[in-house]
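Thanks for making the time this morning. I would like to walk you through one model, going from one of its chains to a single helix, and then on to the place where two chains meet.

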Amino acid sequence: MNDFSSRFALYWPALIDGALTTLWLCVTGMLAGFVLGVLLHLIANGRSRAGVAFARVYVSFFRGTPMLAQLLLLFYLPSALGMDIPPLVAAAAALALNTAAYQSQILSSGFAAIGKGQIEAASVFALGRYNTLLHIQLPQVLRLTLPALISELIDVIKVSAVVSVISITDLMRVSQQLVSQTYRPLEVYLVAGLFYLLLTSLLSVLGSLLERRWRERC
Amino acid sequence: MNELIGYLPDFVDGLLVTLGISLAAAVAGLVLGFALNAARMAVPGLSALYRMYVWLIRGTPFLAQLAVIYFGLPVIGLRLEAVEASILSLAVYSGAYFAELFRTAWASVPFGQLEAARVHGISRVRVFWHIQTPQALAFALPLLGNQVILTIKESAVTSIITVPELTMTAGRIVSTTFSYVMPYALLVLSYWLLTSSVAVIARWLGLRMTRHLRG
């Protein structure tokens, strides 16, 4: 097992496993973060003064502190309060809470782009706030902001590498394990970097394809 | 609680290390970014190389880059101390972001000005320094603070390779006191305070240094 290709055959299955964990974790965090981000946007634009202040502090806090520090706090806080949270749940929750702050900002611009007339028309038809949000606003917001949301998912994937410190076997952790088996840090970490690059590049291609297709249609 | 107050000096030390490596890396990254952008414009053949650099750095997590530099480079005989490796990787990392910021800033200068300068026979070097740079920097200045904040946030990752900065300090306090919440809460608050202060200072500086443009 001296040449690179046979070693790569050893890395390959483990790294694919890790990449799937990373992807799965990030997509989960992203989806939960989307729901939280919509809520956060609604609170930020709601009537309650306290709500507006909360949303502002929330966004400032999660954008102003490192993901690693947020993760450590979130992982150890429940156990100090006597709850036992599996690392995977803590990681997904930390990613969701973090990306919600960024997504609320992205979504705001989407919501702002929808004509006021549509909302007025919806209220004339007595559609109700919930239905207006779900059937009129969100589909358009999602379409308007999808390229930005995809680039946020890319950021989530990159920032998710730190979940390896709470022993989640994501792409980063798996490569650390491979390094301790093979003692070939340069090679393994470069290959792991390539895996990340593949994930983020594919998403970025997808994002620009979507953007181009929708611009043609408009 | 009381014993935590005893750890406050450690926290201040950690804060200073965080600030030190972040600022050193941000300054190096700023210079690197400026040079990359200038090189891209001066030598057209470099622009593919430039795009490749930005793609590699912005497409991978900082932790992976740090791992390559700190754990990987010794394989080819380049052994760096944890702090050196951290500053180097943070500089390489933020350099890509600074370069992209400068690229946008230079693109913001209207092309007609460059054509006009060329018609008047002004050399390319003079166009760069006397026409593009002042306007581009005025564009970039208010945005530089964000990049510094990004660098400060990423510097937390260097705790993984045992750089005694804020996050590492909090982790050490946790492992000696077995109280988890307070040190980590204090940690998050310290970062928040730090990045908020940088944001305020950057905004103030940005407004001040572009005052002449608003008349």
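Let me begin with burial in chain B, where buried residues make up 38% of the 215 residues. Please keep in mind throughout that what you are looking at is a predicted model, and that the values I quote are computed from it.

As for the overall build of chain B, its secondary structure comes to 10 helices and zero strands, so that reading along the sequence, as one would expect from that count, gives the pattern α-α-α-α-α-α-α-α-α-α. If you take the principal axes of chain B, its C-alpha atoms fill a box of roughly 70 × 50 × 20 Å. Turning to the contacts within chain B, and considering those between residues at least 6 apart in sequence, 77% of them join residues at least 24 apart.

One helix of chain B deserves a closer look, namely helix H4, residues 62-72, which is mostly covered, with 10 of its 11 residues buried. Which residues of H4(B) are the buried ones? They are Phe62(B), Leu63(B), Ala64(B), Gln65(B), Leu66(B), Ala67(B), Val68(B), Ile69(B), Tyr70(B) and Gly72(B).

Now to the meeting of the two chains, where 28 residues of chain A are in contact with 28 residues of chain B. On the chain A side, helix H2 (49-64), helix H3 (67-80), helix H7 (171-182) and helix H8 (185-217) each supply at least two of the residues that touch chain B, and H8(A) gives the most, with 10 residues. Sorted by class, that side of chain A has 21 nonpolar, six polar and one charged residues.

H3(A), which I have just named as a contributor to that side, also packs within its own chain against helix H4 of chain A, residues 87-112, at an angle of about 130° and with the axes 9 Å apart. Because angles from 115 to 145 degrees fall outside the parallel, antiparallel and perpendicular ranges, H3(A) is oblique to H4(A), and the crossing of these two helices is right-handed.

Which residues meet there? From H3(A) come Met67(A), Gln70(A), Leu71(A), Leu74(A) and Phe75(A), and they meet Pro87(A), Ala90(A), Ala91(A), Ala93(A), Ala94(A) and Asn98(A) in H4(A). By class, this contact has nine nonpolar, two polar and no charged residues.

That is where I will stop, and I am happy to go back to any of these regions.

Note on methods
Residues numbered from 1 in each chain as written. Chains lettered and ligands numbered in written order. Predicted model: local features only at pLDDT ≥ 70, side-chain atom pairs only at ≥ 80, totals over all residues. Contact = placed C-beta atoms within 7 Å. Helix = DSSP H or I, 4+ residues; strand = E, 2+ residues; numbered from the N terminus. Nonpolar A, V, L, I, M, F, W, Y, C, P; charged D, E, K, R; others polar. Axes fitted to C-alpha atoms, helices over the stretch in contact; angles between N-to-C directions. Parallel < 35°, antiparallel > 145°, perpendicular 65-115°, else oblique. Left-handed = near helix turned anticlockwise from the far one by under 90°. Buried ≥ 20, exposed ≤ 12 C-beta atoms within 10 Å, placed from the backbone.
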